[in-house]
Amino acid sequence: MDAKTKRSTGQSGAVGKPLPHDSAHLHVAGQAAYTDDLPEPRDLLHVAVGMSTHAHARVNSIDLDAVRVAPGVIATLLPSDIPGDNNFGAIVADDPILADGIAEYVGHPLFAVAAVSVDAARKAARRAVIDYTPLHAILDPLEAVSAGSFVLPSEEMRRGDAQAGLKNAPHRLARRVRCGGQDQFYLEGQIAMALPEENGGMLVYSSTQHPDEVQSMVAHASGRDAKDVIVICRRMGGAFGGKESQAALIACIAVLMADKTGRSCKLRLDRDDDMIMTGKRHDFVIDYDVGFDDDGRILAIDFMLASRCGISADLSGPVNDRAMFHCDNAYFLPQLALVSHRCKTNTVSNTAFRGFGGPQGMFGIECAIDDIARHLEMDPLAVRRQNFYGAAPRNVTHYGQEVDDNIAPAIMDQLVSDSDYDARRAAIRNWNQQNAVHKRGIAITPVKFGISFTSTMLNQAGALVHIYKDGSVQLNHGGTEMGQGLYIKVAQVVADELGVDIGQVRITAADTSKVPNASATAASSGSDMNGKAAQNAAAKIKQRLTEFACRHFSVSETEILFAKGQVRIGAQSLPFAKLVQLAWADRVSLSATGYYRTPKIHYDRSTFSGRPFFYFAYGAAVAEVLVDTLTGENRILRVDILHDCGDSLNPAVDLGQIEGGFVQGAGWLTSEELCWNEKGGLTTHAPSTYKIPTCSDLAPEFNVRMLKNATNREDTIYRSKATGEPPLMLALSVFFAIRDAISTEANPAPALDAPATPESILRAIDNLADSAGQPQGIDR
């Protein structure tokens, strides 16, 4: 908070209170400064990128003569101008900043141009003359599998003898399903501004979830040490994973051009270029073969997951690993065989997106569960209950982690009752019998989502807290704010640790010169890790103040209490600011760093076993839909959600995350379709053709509740739970409600792929899907 917006909670503490987002008042007033709003240095240059028009081609020559003489142009940048590493791939060095010799997707950056205005740079970039020799392009994941085209080796995971289990199962079904990708469609596009500083330093303002990675990639590309690069990000206008690794490309180009020209440079992609050039959620082809008994209990399952990774590894390794981890969702799989293909295609490299592979893994198992129910003519809810994790030995995942906090069955039972699911399902069946065209459907689905980075080393965080002589507090940590409310949550933690009002705490921008080596704000771990680190820093200063008070007032530590802006010391009480002034005068340090590393986690990737997750977050949703079977148009009529937030740090923020995550998930599964033409060009690269949900798509009846008395069993910050990613997967209920609506006696298990667009729905109704999409059943 700044001085003009101080506000008091009027209560004993900030944690657990529904305080507004720290920038809410700035957002609505148009005063929240994003990277493009920052004051521009004198002589700033604007950068544009020239992109490949071929999906796969040899670049024989790039003639930039017409570009260089275009009005306002100051400089151009080619791969040969890069003094350091021509790479922004942080995990695998396979992602060139500018393609050198071979273009591998439509939109692949080939060169950059700097000019005195945005329009001048963009117009000039189009004047390049490029000679190509086209090469064969792989545009489909299954073609990549057939060709052995992978960005990383395929991985396998096994438990028991799945093939024997399938062979001996009383019932068996097999199907191929597809779930599409998704563009992050953040309101603020990709942007970076690079400002050269004295003695070779470089200051970078970047819209990024991972300032440390931007710092590292910029340093490598420009031939600097990390100490010579400072990356700052106060806020992003949305990110959703799309600014975790992709932001480094934008920053590197801006910095390289700043180095070449000696002038500050800004690169801001327009919406079309942003969607064409940067990565998205991975689309998957999923084959499953499942064996089960008469009650619908799964005995064995065999999965094949093939994901479109694009031209490079990017984050596809951990994304696909998480899909493997979450192919169980909330269900015990006694025998499993799984192969995961990380397919190299001549499309943009896909990247992180909210859920990070978890949604795709869950989609596969939920399709299998739904097929089982329809094959046995059972309510899918009954099949889900048959397969939930339970008591030993049905409480261990296929990767060896014990599920010791399983509340999925209890959440489902409560939601079934609260939503009147059984009566509504019966009423819908009756309604559908009386209506030939408009059909209703209902579905209830659970979520069990693992919280932690699957790469153990990333589960660490740092913070920096200063207390000034007037008692005000400045807070910095390695997390980034993208609208999700991380900064207000961490400020609430610090305020309560010091016993001061939230208005006394000033939140500052993520800054690599203040907190180094920070992990990305991702994996739903932002509050867990940065909250603990900031609490640790504040606790250090509080302990120093306590020790000083003991000396100064001759009392014991047990007689000191920090609360409501006061410090009770024995029989007397002092304002917090007064104690701070006394301590400063006694030369007590009022600044501290904090650190946190997530405990208990361990994971051996070579065997895909261990405890990769600190805990699980749970939830469930009921969705009711209406489908016009003549047009495929559909509407969500009602949604009921019950979600597990532990002891919420901020119920208002968490409620927003649940609602927003669900709507975004519904978009992924219904309306957001990415389409490529036969030449590999993305044709859905603007809001005119790519349809995210709008306010009118929200269910008229939208009931969201957080689970009460659900303290996290693990020692998280104030026993809260993550809410960033898990709610997105609650939207699986919408997809299966649509499938329920179009199910008939003649076609009980329609071959519906995601997204369930009107066209996809009509194909499923007409049973026009290819034979691989039809369920193949064997009963014994």
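Where is the place of Pro-755? In this predicted model, Pro-755 is placed in the loop that runs between α18 (732-742) and α19 (758-765). The peptide bond leading into this proline from Ala-754 is cis, with an omega near 5°. A cis peptide bond is also found from Ala-392 to Pro-393, where omega is near 5°. Pro-393 belongs to the loop between α11 (380-387) and α12 (408-418).

Positive phi values in residues other than glycine were found at Phe-240 and at Asn-517. For Phe-240, phi is near 60°, and the residue is located in the loop between β11 (229-233) and α7 (247-261). Phe-240 has a relative accessible area of 29% and is therefore partly exposed. For Asn-517, phi is likewise near 60°. This asparagine lies in the loop that connects β20 (510-511) with α15 (526-553). Asn-517 is classed as exposed because its relative accessible area is 59%, the cut-off for that class being over 50%.

Helix α15, which follows the loop of Asn-517, packs against helix α16 (residues 576-585) at an angle of about 80°, and the two axes are 10 Å apart. The angle falls between 65 and 115 degrees, so α15 is roughly perpendicular to α16. On the α15 side, the contact is made by Leu-545, Phe-548, Ala-549, His-552 and Phe-553. These residues meet Phe-576, Leu-579, Val-580, Leu-582 and Ala-583 of α16. By residue class, the contact of α15 with α16 comprises 9 nonpolar residues and 1 polar residue, with no charged residue.

An open sheet of 4 strands was identified, with the order β16-β27-β28-β29 and mixed pairing. Strands β16 (438-451) and β29 (701-706) form its edges; each has a single partner strand, so one side of each is left without a neighbour in the sheet. From one strand to the next, the twist averages 15°. Strand β28 (residues 634-643) runs parallel to β29, and 6 bridges join the two. Within this pair, Arg-638 has Glu-701 of β29 as its bridge partner. Helix α12 packs on the sheet and touches β16, β27 (615-628), β28 and β29. The direction of α12 makes about 35° with that of β27. A further helix, α17 (residues 651-670), lies across β27, β28 and β29. Relative to β29, α17 runs at about 130°.

Another strand pair consists of β17 (residues 460-467) and β24, which run antiparallel and are joined by 7 bridges. In this pairing, Leu-464 of the one strand stands opposite Thr-593 in β24. In a regular strand the side chains alternate between the two faces of the sheet. Strand β24 (residues 591-597) has one covered face, with Ala-592, Gly-594 and Tyr-596. The uncovered face of β24 holds Ser-591, Thr-593, Tyr-595 and Arg-597. Thr-593, the residue opposite Leu-464, is thus one of those assigned to the uncovered face.

Conventions. Residues are numbered from 1 along each chain as its sequence is written. This is a predicted model: local features need pLDDT of at least 70, side-chain atom pairs count only at pLDDT 80 or more; totals for chains, interfaces and linings use all residues. Side-chain values use heavy atoms; hydrogens and water are left out. Buried means under 20% relative accessible area, exposed over 50%, partly exposed in between (1.4 Å probe, protein chains only). Two strands pair if DSSP finds at least two bridges between them. Axes are lines fitted to C-alpha atoms, for helices over the stretch in contact, and angles run from 0 to 180 degrees between N-to-C directions. Angles under 35 degrees count as roughly parallel, over 145 as roughly antiparallel, 65 to 115 as roughly perpendicular and the rest as oblique. Contact means heavy atoms within 4.5 Å. Ala, Val, Leu, Ile, Met, Phe, Trp, Tyr, Cys and Pro count as nonpolar, Asp, Glu, Lys and Arg as charged, and the others, Gly among them, as polar.
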